[in-house]
Amino acid sequence: MMMVMRTEQEHTETEGSKTKKKKRQDGTSRPACSWVHFSREFIKEYTATHPESSGLKVATKAASDAWKLMTPEEKAKYTNRAREVWDKYLSTTPARTPKPRRQTKLVTRCSPGRLLNVLQRLTPDQRDAVKSMGFGSILNLKCRTLRRSLCLWLLEKFNTVRRSLEICGERIPLTARDVELVMGLSSSGKDVVNSGPDELIAELRKKYNATNRGISVRLLEERLAVPEAGEDFQRSFLLYVLGTLLCPTARLDVSPSFLHFLTNMEVVHQYNWGKFLLDRLVREVARYRQGKQRAVGGCLLFLQLFYYESVAVGEPSELSPAIFPCLASWGEEEISEREKQERELGGYGCGEVVCKERGLGMGTLAFRNQPDSIHSALMQPELENYALLEQGYQVVGEDQLNGGMFTAEEENIPMSGNEGNNAVCVDIEIADPVRAPCRNAQYGCEEVIDYTKRKEHESICISSPCACPLQKCHFIGSSAQLSEHFSGKHWDSGRRFQYNSPLAITLNKNEAFLVLQSEKDGVLFLLSKGTESIGYTVMITCINPSSSSEQYLYDVVSERGNTCLRLKSYTNNYPGRVEGSPPVDFLLVPFDFVGPTGKLDLEMCIWNSTDIGAD
């Protein structure tokens with residue numbers, strides 16, 4: 001009986017091993033390197049010419065000795081063969097889809113409750129200073145905690161490539177305009193670039209005791225406890241808001257790269273904060289998905305409130321307008337009631353999407369139980385950061401504008417309901433929209449557009465400013481202006497290249513990036529080198545407005561002996577030099593590939609976008 005059981009067990013194990021082996025044979029194996037191609041050929045000849053030798057071990061040892069004595073020219077035959085096989089493998093093998101990251105516990109540095117404690121201690125002068133920077137909407141924060149189960153669910157539904165939430169059977173795109181309506185931050189203006197010459201922020205880094213890990217949140221809290229409302233307070237407040245709510249990273253501290261756009265506090269209100277918040281959120285979620293960090297960065301509160309405003313639950317109700325920014329509408333009581341309705345309905349994603357055709361930007365964001373007499377909701381002076389007409393544009397007279405944004409104090413409009421209501425209720429009709437030049441007129445844009453379409457135009461404007469990537473240069477202009485500037489002023493500070501032609505490049509040990517300029521059209525690219533725990537990261541980005549849809553195919557190769565590492569990808573557009581680890585593809589080169597001098601040898605090739613389209 002024991003013998004029969006043992007035989008059956010051995011038979012089962014044999015079948016299992018055969019099944020596993022069959023699975024390996026069915027899968028697509030990775031191509032062999034140049035050494036393997038040589039050894040196969042050498043061992044076959046060695047065995048035929050040395051019949052007295054016994055075993056594969058002796059032949060392999062002889063092949064290894066012969067390979068070490070070969071010159072690079074002699075190895076080229078096998079290197080080219082391996083590269084051809086590898087290229088064919090990359091072109092025919094479908095891209096691996098990453099396994100969805102499942103996590104039952106959410107770790108995040110986004111802490112609205114911590115920020116709320118600081119907001120409650122601000123003096124009237126400090127609150128005025130916050131409003132002057134364009135962040136007055138943050139003062140109306142009511143939410144103290146994140147609903148972590150909802151955030152985990154939203155992270156699974158967040159498509160970082162399309163920048164959309166795929167919920168309730170629909171794909172809802174996210175834009176900077178949505179950030180403005182939900183968080184009250186501007187969705188137009190200059191791009192926020194968190195990079196620049198290190199010398200410009202040396203004093204600020206010293207002032208805030210910034211280390212490589214970042215700026216201490218507790219240090220910022222101590223600074224904000226001092227009852228002063230000057231420039232130091234404004235800078236400390238913005239660092240604190242960015243680090244705890246709007247753009248937190250996976251670390252406990254605030255990123256010191258934020259100091260680059262806080263050197264001049266007089267222009268802070270001119271930045272496109274909505275776009276910056278969304279870009280950082282996409283970057284942090286992408287890094288979390290790739291397994292590069294355990295904590296989730298970015299403003300998860302925006303995702304939470306956007307979901308509440310975009311999906312209706314409970315009894316059907318008539319269409320009623322939302323009060324913008326939505327941040328001021330959601331306190332702990334409102335969120336608890338909403339979560340209760342979600343549970344009664346069966347969980348998240350069981351409601352009805354109410355922002356179809358992106359009605360979010362037209363004031364039809366939410367279905368809420370409001371009085372039927374409400375036609376349109378405008379904000380009180382406390383929410384004055386969200387204005388229809390920005391400062392700098394002259395308000396026209398009654399013959400041109402038959403309505404507009406105004407406050408109850410200016411027009412003596414009675415409040416709807418009791419005097420403590422949060423909305424002024426009026427009917428608004430715009431007879432002739434205000435026309436104004438594009439913000440990028442100084443960079444070459446000649447468009448004069450309706451104000452209602454200005455944000456849409458500026459989000460795709462090809463004249464959006466780009467910054468010179470060199471650390472000691474402060475030039476800012478359109479991509480075309482930047483190309484002429486770099487060709488004239490910094491012709492000896494980069495490398496010129498030709499499309500579709502390989503180019504050998506060497507990065508020294510302390511060289512973090514190299515500017516590349518096309519000889520054909522002058523387009524600028526940035527070859528960046530980062531440092532990780534096991535090696536260097538290499539990536540290529542295009543210096544263009546972030547809104548640009550133009551992409552370039554590139555190839556980066558690093559070789560060491562018979563080993564070859566290669567990355568083939570498309571460039572992402574950034575309006576300057578970006579520090580840190582942006583959410584783009586990169587080549588990881590182990591430290592073993594680098595010689596004792598620390599020089600990193602690469603071979604790269606960039607293909608013209610027009611040639612890609614033709615193919």
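**Rings, cores and sheets in a predicted model**

In this predicted model, R223 sits over the face of Y208, 4.7 Å from the centre of the ring. A second arrangement of this kind involves K529, which lies over the face of Y536, at 4.7 Å from the ring centre.

Aromatic rings also meet one another. The count comes to 27 aromatic pairs. One of them joins F42 and Y46: the ring centres are 5.8 Å apart and the planes meet at 20°, so the pair is stacked, since planes under 30 degrees apart count as stacked. Both residues belong to helix α2 (residues 34-49), where they are four residues apart and thus separated by about one helical turn. An α-helix has 3.6 residues a turn, so residues three or four places apart point the same way. Y46 counts as buried, with a relative accessibility of 16%, because buried means under 20% relative accessible area. W273 and F276 offer another pair, this one edge-to-face, with 6.1 Å from centre to centre and 80° between the planes. These two residues are three residues apart in helix α12 (residues 273-289), again about one helical turn. W273 is buried at a relative accessible area of 4%, and F276 is buried too, at 6%. Ring pairs can also link up into a group: W35, F38, F42, Y46, W67 and Y78 form a cluster in this way.

The nonpolar interior comes next. The largest nonpolar core holds 82 residues, of which F135, M183, L246, W273, L301 and F302 touch the most other members. W273 therefore appears both in this core and in the edge-to-face pair with F276. Helix α11 (residues 231-246) gives the most to this core, contributing nine residues. Another core, of 26 residues, lies apart from it and includes L516, L587, L600 and I606.

L600 and I606 lead on to strand β21, which spans residues 600-606. How many of the seven residues of this strand are buried? Five are, so strand β21 is largely enclosed by the rest of the structure. Strand β21 has pairing partners as well. Strand β13 (residues 503-507) pairs with β21 in the antiparallel sense over five bridges, and I505 stands opposite L602 in β21. Strand β17 (residues 553-560) and β21 are likewise antiparallel, over four bridges, with V557 opposite E603 in β21. Strands of a sheet pair through backbone hydrogen bonds, either parallel or antiparallel.

An open sheet of three strands is found elsewhere in the chain, with the order β1-β2-β3 and antiparallel pairing. Its edge strands are β1 (158-159) and β3 (170-173), each of which pairs on one side only. Two bridges join β1 to strand β2 (residues 164-167), and these strands run antiparallel; N159 stands opposite S164 in β2.

Strands β1 and β2 also take part in covering a helix. The buried residues of helix α7 (residues 148-157) are L150, C151, L152, W153, L154 and L155. What lies over these buried residues of α7? The cover includes β1 and β2 together with α12, α13 (300-310) and α14 (332-345).

A contrast comes from I462, in the loop between α16 (451-458) and β10 (466-467). This residue is exposed, with a relative accessible area of 71%. Leaving aside neighbours within four places in sequence, I462 is in contact with S479 and P545. The C-alpha atoms of I462 and C445 are separated by 7.9 Å, while the two residues are 17 residues apart along the chain.

Finally, the confidence of the prediction deserves a look. The chain averages a pLDDT of 77, and 77% of the residues score at least 70. Which elements have the lowest and the highest mean pLDDT? Helix α15 (residues 408-411) has the lowest, at 34, and α11 the highest, at 94. Helix α11 is also the element that gives the most residues to the largest core. Over residues 1-26 the pLDDT stays under 50, and the model has zero contacts beyond four places in sequence for them. Over residues 357-433 the pLDDT is also below 50, yet this stretch has 132 contacts in the model beyond near neighbours in sequence. Where pLDDT is low, the predicted coordinates should not be read in detail.

Definitions and conventions. Residues numbered from 1 in each chain as written. Predicted model: local features only at pLDDT ≥ 70, side-chain atom pairs only at ≥ 80, totals over all residues. Heavy atoms only, no water. Phe/Tyr/Trp six-rings, centres within 6.5 Å; stacked < 30°, edge-to-face > 60°. Buried < 20%, exposed > 50% of the residue type's maximum accessible area, 1.4 Å probe, protein only. Lys NZ or Arg CZ within 6 Å of the ring centre and 35° of its normal. Core = buried A, V, L, I, M, F, W, Y, C linked by side-chain atoms within 4.5 Å. Pairing = 2+ DSSP bridges. pLDDT = per-residue confidence, 0-100. Contact = heavy atoms within 4.5 Å.
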